[in-house]
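Colleague: Please take me through one part of this model in detail, the sheet and what packs on it. Keep it brisk, and give the cut-offs as you go.

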Amino acid sequence: MKGILEKNKKFIEEMKKGDKDFFEKLSQGQHPDTFIISCSDSRVSPSVIMQSSLGQIFVHRNIANQVIQQDLSLNAGLYYALKHLKVKEVAIIGHTDCGGIKAAYTTSEDAEFCVWTAYIRENLPKEDFDKYSLDDLVKINVLAQVRRVQEHPIYKKYGQNTEVVGYVFHIKTGTLETLDPSDPVESSAPRGQESS
Ligand SMILES: [Zn+2]
């Protein structure tokens, strides 16, 4: 990407303007209070939408914010966040207009992609999915990943005091909505007719 180094220089200047010892303090260690599992979508950057500074959130990202027990990278992150960083919350962040959820219902000929979309589809309605809007499916997916964290052996072993919360980031408004796991998503509108 053109301009990466220029942007980095500006970033350093800005941070030092706020606190001239910022990087010196940062180099002393990290103490994030939240482990975030979010979609990779470029519009959903967790530190940006939560205005987090460096050192505040520990992040794992993949397409459609999946929690898969065979994912060694996720497992290592979850373990480190719970056991060593002792985070207070695990947050799953999905978002409206998620291309990963869309792709789960699309026949793809890309072998590299369809293995992943098969994982995404595991937690989505198997029948009558046309009754659900894309954003309904996004919520169903987030709540399924909350359950997957709660059922994860690493969470069961090290996450006793750690809350798991699901959120949906609404791209059209910038709002982060907290999902209530006791409020199951009912089908609202056929896909293609969703309002957001
Ligand atoms: Zn997405």
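Modeller: β4 and β5 pair in the antiparallel sense, over 4 bridges. Two strands count as paired if DSSP finds at least two bridges between them. Strands (E, at least two residues) and helices (H or I, at least four) are DSSP runs, numbered from the N terminus. This is a predicted model: local features need pLDDT of at least 70, side-chain atom pairs count only at pLDDT 80 or more, and totals for chains, interfaces and linings use all residues. Residues are numbered from 1 along each chain as its sequence is written.

Stay with the β4 and β5 hairpin. His170 stands opposite Thr175 in β5. The hairpin has 4 residues between its strands, and Gly174 takes a positive phi near 85°.

Now the other partner of β4. Strand β3 (residues 89-95) runs parallel to β4 (residues 163-170), and 7 bridges join them. Glu89 has Glu163 of β4 as its bridge partner.

Put the strands together. The sheet is open, has 5 strands in the order β2-β1-β3-β4-β5, and its pairing is mixed. β2 (57-62) and β5 (175-178) are the edges; each has a single partner strand, so one side of each has no neighbour in the sheet. On average, neighbouring strands are turned by 25° against each other, direction ignored. In general, strands of a sheet pair through backbone hydrogen bonds, parallel or antiparallel.

Next, the helices on the sheet. Helix α4 (residues 72-84) packs there, touching β1 (34-39) and β2, and its direction makes about 165° with that of β2. Axes are lines fitted to C-alpha atoms, for helices over the stretch in contact; angles run from 0 to 180 degrees between N-to-C directions. Contact means that the C-beta atoms of two residues, placed from the backbone, lie within 7 Å.

Helix α7 (residues 134-150) packs on the sheet too, touching β1, β3 and β4, at about 160° to the direction of β4. α7 has 17 residues and spans 25 Å from its first C-alpha to its last, close to the 24 Å expected at 1.5 Å a residue. That expected span is 1.5 Å times one less than the number of residues. Of the 17 residues of α7, 13 are buried, so the helix is largely enclosed by the rest of the structure. Buried means 20 or more other C-beta atoms within 10 Å of the residue's own, exposed 12 or fewer, partly exposed in between, with C-beta atoms placed from the backbone.

For context, the protein chain comes to 8 helices and 5 strands. Buried residues make up 28% of its 196 residues.
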